[in-house]
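Colleague: Could you take me through one part of this protein slowly, as you would at the bench? I would like a close look at the sheet and at what packs around that part of the fold.

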Amino acid sequence: MSNLKEIRSRISSVSSTMKITSAIKMVSAAKLKKAQDRIQNMRPFSSALKASIQNLLPNINNSDIKLTSSFTSNNKSLIIAISSNRGLCGGFNANVFKKINEKINKQNTDVLCVGKKSAEQFKRNGYNILKVETDLLDKPSSQSSIEISQNIIDEFLQGKWAEVIIVYNKFKNAATQIISSETLLPIPIDINEIQEKKSKKDYIFEPDKTQIINSLIPQQIHTQFFEAILNSIAAEHGAR
């Protein structure tokens, strides 16, 4: 049985932990509103970009569109795992690892870790980690995000991976985070949906439709990646 001194020490330790967690909670509560606003401000642009691409797809031959198919015969995948740099946020980071671990073969997979916590988990479990990005979570900027996603596009075009999948916590509200897995590359195209939207009307485009959509699709990838980063940041503050 513990003596009185040990009990007092334990009470003091718990009290100190409560002060720390209370402070962290207050900081996240203050940052959550700003994170939510960034997501809300980005959604109109993201939706309009996707709508523009969907309006062009029915009138273009799929073979003329870049990034809609893989450029390699191997089955290697790149997983982008977005977690956090800090702990004390419940199952936020563990859920990302669990989602990835249950659906892939780690022997044929490269991992790009956005966040220290995912890097720690994947390293312990023997995954091949290509790179660890941490600054993007502390100081999210569209320019930094574009540099990362453009590098991924370039290596995909070189045939390094057959597919690129992004896994992150999607922000729903302060109490709910939805673990989400999305295909970043190749761009998924729903043939049935395209046929339904195919119109007899056509328009004159300058430059031509193929050039336009091949310039819009990389923009969609940049936007999708940065939107996932912002969602994860907001979800992290909500979880904490």
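Modeller: Happy to; what follows starts with the sheet and then moves outward to the helices and a few local details. Please keep in mind that this is a predicted model.

A little orientation helps before we zoom in. The protein has seven helices and five strands, and from the N terminus its elements follow the pattern α-β-α-β-α-β-α-α-β-β-α-α. The C-alpha trace spans about 85 × 40 × 30 Å along the principal axes.

Now to the sheet. Its five strands form an open sheet in the order β3-β2-β1-β4-β5, and the pairing is mixed. The edges are taken by β3 (128-133) and β5 (176-185); each has a single partner strand, so one side of each lacks a neighbour in the sheet. On average, neighbouring strands here are turned by 20° against each other, direction ignored. As background, strands of a sheet pair through backbone hydrogen bonds, either parallel or antiparallel.

You can find both senses in this sheet. For the parallel sense, look at β1 (residues 77-82) and β2 (residues 109-114), which pair over six bridges. If you want a landmark there, pick alanine 81, whose bridge partner in β2 is cysteine 113. For the antiparallel sense, go to β4 and β5, which are paired over nine bridges. A good landmark on that side is tyrosine 168, which stands opposite serine 180 in β5. The connection from β4 to β5 is a hairpin that passes through two residues.

Next, the helix that lies over part of this sheet. Helix α2 (residues 92-101) lies across β1, β4 (163-173) and β5, and runs at about 145° to β4. Helix α2 also has a helical partner: α2 packs with α3 (residues 116-124) at an angle of about 45°, their axes being 10 Å apart. That angle makes α2 oblique to α3. The crossing in which α2 passes α3 is right-handed. If you colour the side chains, you can see Asn93, Ala94, Phe97 and Ile100 of α2 meeting Lys117, Gln121 and Phe122 of α3. Sorted by class, that contact of α2 with α3 contains four nonpolar, two polar and one charged residues.

Further along the chain there is another helix pair to look at. Helices α5 and α7 pack at about 120°, with 9 Å between their axes. They are therefore oblique to each other, and α5 passes α7 in a right-handed crossing. From α5, Ser142, Ser145, Ile146, Ile148, Ser149, Gln150 and Ile153 take part, and they meet Pro218, Ile221, His222, Phe225 and Phe226 of α7. By class, the contact of α5 with α7 has seven nonpolar, five polar and no charged residues.

Helix α7 (residues 209-239) has a further partner in α1; the two axes come within 9 Å and cross at roughly 160°. These two helices, α1 and α7, are therefore roughly antiparallel to each other. Their crossing is left-handed. The contact of α1 with α7 divides into 16 nonpolar, nine polar and six charged residues.

The loop between α1 and β1 deserves a look as well. Leucine 67 is found in that loop, and leucine 67 has a positive phi of about 70° although it is not a glycine. An aromatic pair also involves this loop. The structure holds four aromatic pairs, and in one of them the rings of phenylalanine 71 and phenylalanine 156 have centres 5.9 Å apart and planes at 85°, so the pair is edge-to-face. This pair links distant parts of the chain, with phenylalanine 71 in the loop between α1 (4-56) and β1 and phenylalanine 156 in helix α5 (residues 142-157), 85 residues apart.

Finally, follow the edge strand β5 towards the next helix. Leucine 185 and proline 186 are joined by a cis peptide bond, with omega at about -5°. Proline 186 has its place in the loop between β5 and α6 (191-197).

Methods:
Residues are numbered from 1 along each chain as its sequence is written. This is a predicted model: local features need pLDDT of at least 70, side-chain atom pairs count only at pLDDT 80 or more; totals for chains, interfaces and linings use all residues. Side-chain values use heavy atoms; hydrogens and water are left out. Two strands pair if DSSP finds at least two bridges between them. Helices (H or I, at least four residues) and strands (E, at least two) are DSSP runs, numbered from the N terminus. Axes are lines fitted to C-alpha atoms, for helices over the stretch in contact, and angles run from 0 to 180 degrees between N-to-C directions. Contact means heavy atoms within 4.5 Å. Angles under 35 degrees count as roughly parallel, over 145 as roughly antiparallel, 65 to 115 as roughly perpendicular and the rest as oblique. A crossing is left-handed if the near helix is turned anticlockwise from the far one by less than a right angle, and right-handed if clockwise. Ala, Val, Leu, Ile, Met, Phe, Trp, Tyr, Cys and Pro count as nonpolar, Asp, Glu, Lys and Arg as charged, and the others, Gly among them, as polar. Rings of Phe, Tyr and Trp (its six-membered ring) pair if their centres lie within 6.5 Å; planes under 30 degrees apart count as stacked, over 60 as edge-to-face and the rest as tilted.
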